[in-house]
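The following account leads through the packing of a set of helices, beginning at a loop and moving outward. Please keep the model in view while reading.

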Amino acid sequence: MKNFLITLAMAGFSILSVQAQENRNQVLSAYYQLKDALVQGDVKKVAAQAAGFIKEVKQSDLKEINPFKDALLKNAAGMEAGADINGQRKEFAVLSTTMLAFARAAKLDQQAIYVDYCPMKKTYWLSAEKAIKNPYYGATMLSCGSITDTLQ
């Protein structure tokens, strides 16, 4: 009986751990989709992806997100309402700074998260790939930037 209860408790913890990891991945995935829309320079797509990011952040029940939640929602809302790509990119710079702090606090993904830096804007963004795709300049300076850190 004791072994059964231990096994049951471990199974429950394992399920919660998997759910938490899926939740982390959903927030991070929504961020990556937002970044990709900025790389493409599509204002409407950025607004739509910002709405998706807001939804994921609001649905997140991760305790690690709580100190960052208001800032993430505020900047994403600015991107959703943004009428021009340059304004959306400014909001993304602030959002990315907060996302980086959240990623470090929550250990967001089992895969590598690359911390990229744009020397022209003097700011960071997160990426799932080693290839630089600059969301701050899009096609104009697509490969401008460098990886400054890797979170694992």
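**From a loop to the helices around it**

In this predicted model, Gly 82 lies in the loop that links α3 and α4. Leaving aside residues up to four places away in sequence, Gly 82 touches Val 43 and Gln 88. The first of these partners, Val 43, is 39 residues away from Gly 82 in sequence, yet their C-alpha atoms are 7.6 Å apart in space.

On one side of this loop is α3, residues 66-81, and on the other is α4, residues 85-106. Where α4 starts, the backbone nitrogen of Asn 86 has a side-chain oxygen of Asp 84 within 3.0 Å. The helix α4 comprises 22 residues, and the distance from its first C-alpha to its last is 29 Å, close to the 32 Å expected at 1.5 Å a residue. After α4 comes Lys 107, with a positive phi near 50 degrees.

How do the two helices joined by the loop lie against each other? The axes of α3 and α4 come within 9 Å and cross at roughly 155 degrees. Angles over 145 degrees count as roughly antiparallel, and α3 and α4 are therefore roughly antiparallel to each other. The crossing in which α3 passes α4 is left-handed. From α3, the residues that meet α4 are Phe 68, Ala 71, Leu 72, Asn 75, Ala 76, Gly 78 and Met 79. Their counterparts in α4 are Gln 88, Glu 91, Phe 92, Val 94, Leu 95, Thr 98, Met 99, Ala 101, Phe 102 and Ala 105. Sorted by class, this contact of α3 with α4 contains twelve nonpolar, four polar and one charged residues. An α-helix has 3.6 residues a turn, so residues three or four places apart point the same way.

The helix α3 also packs against α2, residues 43-59, and the axes of this pair come within 8 Å and cross at roughly 160 degrees. By the same cut-off of 145 degrees, α2 and α3 are therefore roughly antiparallel to each other. Their crossing is left-handed. On the α2 side, Val 46, Ala 47, Ala 50, Ala 51, Phe 53, Ile 54, Val 57 and Lys 58 take part, and they meet Lys 69, Leu 72, Leu 73, Ala 76, Ala 77, Met 79 and Glu 80 of α3. The contact of α2 with α3 has twelve nonpolar, no polar and three charged residues.

The remaining pair is α2 and α4, whose axes come within 11 Å and cross at roughly 30 degrees. This angle makes α2 roughly parallel to α4. Here too α2 passes α4 in a left-handed crossing. The contact is formed by Val 43, Val 46, Ala 47 and Phe 53 of α2 together with Ile 85, Gln 88, Leu 95 and Met 99 of α4. By class, the contact of α2 with α4 comprises seven nonpolar residues, one polar and no charged. Val 43 and Gln 88, which take part in this contact, are also the residues that Gly 82 of the loop touches.

How values were computed
Residues numbered from 1 in each chain as written. Predicted model: local features only at pLDDT ≥ 70, side-chain atom pairs only at ≥ 80, totals over all residues. Heavy atoms only, no water. Axes fitted to C-alpha atoms, helices over the stretch in contact; angles between N-to-C directions. Helix = DSSP H or I, 4+ residues; strand = E, 2+ residues; numbered from the N terminus. Parallel < 35°, antiparallel > 145°, perpendicular 65-115°, else oblique. Left-handed = near helix turned anticlockwise from the far one by under 90°. Contact = heavy atoms within 4.5 Å. Nonpolar A, V, L, I, M, F, W, Y, C, P; charged D, E, K, R; others polar. Expected span 1.5 Å × (residues − 1). Polar contact = N/O pair within 3.5 Å; in protein donor to acceptor, adjacent residues only side chain to side chain.
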